[in-house]
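Hi,

Here's the structure I said I'd pass on. Have a look at it first, and then read my notes underneath.

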Amino acid sequence: MTTVAKFDIKYTQYIDQDGKPTSKKLPKLAKDIDTLKTLYRSMLRIRTLDTKAYALQRTGKMGTYPAALGQEAIGVGFGSALNKEDVLVPYYRGQAAMVEHGVTMEEVLLYWGGDERGSDYQHAKEDFPIAVPIATQCLHAAGVAKAMQLKGEKRCVATEIGEGGTSEGDFYEAINVAGIWKLPVVFFINNNQWAISVPSEIQTACETYAQKAIAAGIEAVQVDGNDIVAVREAAEKAYEKARKGGGATLIECISLRLCDHTTADDASRYRPEGELDEGWKAEPILRLRKYLESMGEWDDEQEEALKAELAKEVQEAVDNYLNTAPDKPEAMFDYLYSELPARTMEQRQYAIDKANNKGAK
Amino acid sequence: MSAITLIEAVNKAMAYEMENDQTVVALGEDVGANGGVFRATDGLQKKFGPDRVIDTPLAESMIAGVSIGMAAQGIKPVAEIQFMGFIFPAFDQIVCHMARMRHRTRGRITLPMVIRAPYGGGIHAPEHHSESTEALFAHIPGLKVVIPSNPSRAYGLMLAAIRDPDPVIFLEPKRVYRIVKHEVEDNGEEYPIGCCFVDREGTDITLISWGAMLHETHQAAEKLAAEGISAEVIDVATVSPLDIDTILESVEKTGRAMIVQEAPKAGSLGSEIAAEIAEKAVMSLLAPIGRVSGYDTVMPYYRLEKQYMPTVDRVLEEARKIMEYK
Ligand SMILES: Cc1ncc(C[n+]2csc(CCOP(=O)(O)OP(=O)(O)O)c2C)c(N)n1
């Protein structure tokens with residue numbers, strides 16, 4: 001018998017949960033205080049947005065909302081490392097990466113507030129809208145990457161999926177084709193340990209999600225998803241490789257969902273006791289704060305000022321969202337086809353009439 | 001006897017059958033510890049253990065395909081697809097295998113299995129959580145498609161679905177999961193699949209509906225009665241195979257027919273029912289057949305949801321039009 005293939009999975013963490021460097025050899029980013037502060041701001045902004053959206057839902061001003069508490073380093077890390085001309089193909093818990101790549105918070109709120117205009121991005125013009133059917137977005141990302149390859153462009157694509165989503169066929173099909181065609185795409189797994197109520201023991205018999213890449217013939221990377229330095233560093237490397245024609249990468253980011261699955265969920269039904277207490281000690285924002293403080297680069301005063309600034313910024317987005325009147329009923333019809341079939345035109349008029357004389361009845 | 005909701009009825013019927021038939025298993029995403037996102041399987045894992053109430057990985061094609069394999073071996077899977085909008089990864093298995101295994105093997109392999117899914121709009125949910133795509137399944141020969149409209153029918157039809165020797169798609173109108181309660185005796189008594197139910201007798205017009213829309217239809221019938229119009233209301237309940245005889249009998253009596261559905265109009269069940277009436281009872285008709293339906297559009301996100309959903313007023317308006325036809 002001979003061994004014909006072997007693999008190992010490397011895990012990277014640069015900053016531990018106490019905000020301490022785990023090695024002497026740190027990437028440049030770990031010393032780049034300005035960038036770190038920007039990332040800190042972005043993470044805190046997404047948390048502020050998520051918290052606000054949650055509160056809005058509780059008062060009937062928002063639909064079902066999937067917060068990403070505790071997972072801010074993942075989306076902010078890989079989203080901020082994208083170039084403007086790269087393309088993001090997000091999943092439903094992807095607001096952190098989306099906002100980093102130019103989607104506005106108002107658009108995020110509109111989308112989850114039940115308004116299609118939330119997907120008509122004003123700045124992130126080529127980015128895909130949120131995909132709710134799990135894992136379907138992975139194939140779109142591969143397709144966008146294929147187009148870039150065909151056009152000979154030096155751009156790349158990033159996409160995100162939950163660890164549970166990697167059980168779907170579409171995920172395997174996407175990484176497989178990305179391997180064969182050497183596509184410029186990077187798959188990020190937000191391993192927040194839970195797929196609604198389903199833990200990893202029920203989701204996979206693998207030790208890691210990263211190793212799924214091995215069977216697709218693409219590079220497998222695993223990082224501490226609560227360490228933004230590790231996430232961003234891994235993302236930058238993978239994007240560079242992709243843009244240079246080196247093919248796809250799968251990056252598993254290990255984190256923990258510190259909130260319910262969505263506002264419609266009650267995690268206390270399945271989450272083991274104590275998990276949250278431990279989780280809040282390891283979360284990414286606190287960690288980066290400790291790291292910055294240890295270098296004398298952050299203090300309570302700056303923290304308070306930033307919080308006030310972000311509260312204002314988020315409130316502005318909320319106000320804009322709340323002040324956006326619902327779309328007209330004809331919007332149900334007007335974007336279905338380049339030209340609405342004559343038959344459906346009748347229904348369109350009927351819907352308008354119904355909306356107009358609603359008050360009369 | 002106790003008053004229960006539609007979702008509790010689904011739960012009770014499953015529990016009853018699991019208790020009495022050891023070959024019945026439940027499986028799906030989040031059906032175990034969490035009891036399903038709507039709690040349809042609440043408490044079942046505690047009662048029957050993780051071998052019979054199985055939390056699956058997140059993969060619908062797997063759920064359907066594995067259920068087919070189990071059913072071929074005499075296990076009776078009751079598989080949950082979390083929302084009907086997420087049934088499409090399983091469509092291949094359902095259409096290409098579940099629907100035709102009996103036929104393909106000339107009866108050698110049969111599939112006594114149920115695929116349950118909450119469906120329909122009106123609960124302010126995100127995209128893909130509100131569509132009514134029952135016609136896609138009703139169109140496939142070899143499938144039975146059942147839609148209970150109230151707690152009693154949910155209980156009886158779920159029992160019948162599990163006991164049925166053939167695969168059943170069981171669609172649960174989630175908007176009415178909890179809005180009405182019925183006294184339902186937990187005695188294992190089933191309702192027949194393949195039967196329409198005459199919910200309300202009338203002589204002037206036949207209102208035909210199923211699922212959640214039956215509630216608007218009943219309200220409309222009540223208002224019509226106040227206007228002196230006697231409406232008969234039919235709950236289709238099994239949308240495939242269709243019990244057209246009950247519908248025809250009613251239409252022959254009333255001379256007027258109207259279909260109320262949440263789904264888009266084109267190529268829908270309403271189209272099929274209207275065509276059957278036109279083929280077989282056109283001479284009894286005193287007015288053209290009417291249809292009140294969702295629009296031929298993508299189901300809008302929730303801010304426009306109300307604009308899409310057929311309302312009691314729309315039902316009334318159409319019914320009056322039919323009544324006034326000369
Ligand atoms: C195809 C499909 N099946 C089921 C669902 C319902 N659903 C929404 S989120 C979710 C769990 C996802 O878990 P994971 O992939 O780990 O991502 P997370 O939500 O934890 O970020 C499920 C089952 C869906 N949206 N799409």
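**What turned up**

By class, the lining of the largest cavity is made up of 6 nonpolar, 4 polar and 1 charged residues. Before I go on, keep in mind that this is a predicted model.

So where is that cavity, and which residues line it? From chain A you'll find A:Gly63, A:Thr64, A:Tyr111, A:Trp112 and A:Gly114. Chain B brings in B:His124, B:Ala125, B:Pro126, B:Glu127, B:Tyr301 and B:Tyr302. In other words, residues of chain A and chain B line it together. Its volume is about 70 Å³, and the count of cavities of 30 Å³ or more comes to 5.

The second largest cavity holds about 60 Å³ of space. Its lining is B:Ala125, B:Pro126, B:Glu127, B:His128, B:Ser130, B:Glu131, B:Met299, B:Pro300, B:Tyr301, B:Tyr302 and B:Glu305. Sorted by class, those residues are 6 nonpolar, 2 polar and 3 charged. What I like here is the domain picture: domain 1 (2–184) and domain 2 (197–323) of chain B each give at least three residues to this lining. If you compare the lists, B:Ala125, B:Pro126, B:Glu127, B:Tyr301 and B:Tyr302 line both the largest cavity and the second largest cavity.

Now for the sheet in chain B. Strands of a sheet pair through backbone hydrogen bonds, and they can do it parallel or antiparallel. Here there are 7 strands in an open sheet with mixed pairing, and going across you meet β3-β2-β4-β5-β7-β6-β12. Which strands sit at the edges? They are β3 (53–55) and β12 (238–240) of chain B, each of which pairs on one side only. On average, neighbouring strands of this sheet are turned by 20° against each other, direction ignored.

For one pair to look at up close, try β5 (residues 114–119) and β7 (residues 168–173) of chain B: they run parallel and are joined by 6 bridges. One place to start is B:Ile115, whose bridge partner in β7(B) is B:Ile169. Helix α7 (residues 151–163) of chain B packs on the sheet. It touches β2 (24–28), β4 (76–80), β5, β6 (144–146) and β7 of chain B, and its direction makes about 160° with that of β7(B).

Last, chain A. It is divided into domain 1 (10–326) and domain 2 (328–361). Taken over C-alpha atoms, the centres of those two domains of chain A are separated by 38 Å.

Have fun with it!

Conventions: Residues numbered from 1 in each chain as written. Chains lettered and ligands numbered in written order. Predicted model: local features only at pLDDT ≥ 70, side-chain atom pairs only at ≥ 80, totals over all residues. Heavy atoms only, no water. Pairing = 2+ DSSP bridges. Helix = DSSP H or I, 4+ residues; strand = E, 2+ residues; numbered from the N terminus. Axes fitted to C-alpha atoms, helices over the stretch in contact; angles between N-to-C directions. Contact = heavy atoms within 4.5 Å. Domains from an automatic or database assignment. 1 Å grid on protein atoms, 1.4 Å probe; cavity = no way out; pocket = protein on both sides within 12 Å on 5 of 7 lines; lining within 4 Å. Points joined across faces, edges and corners; volume = space filled by probe spheres on them. Nonpolar A, V, L, I, M, F, W, Y, C, P; charged D, E, K, R; others polar.
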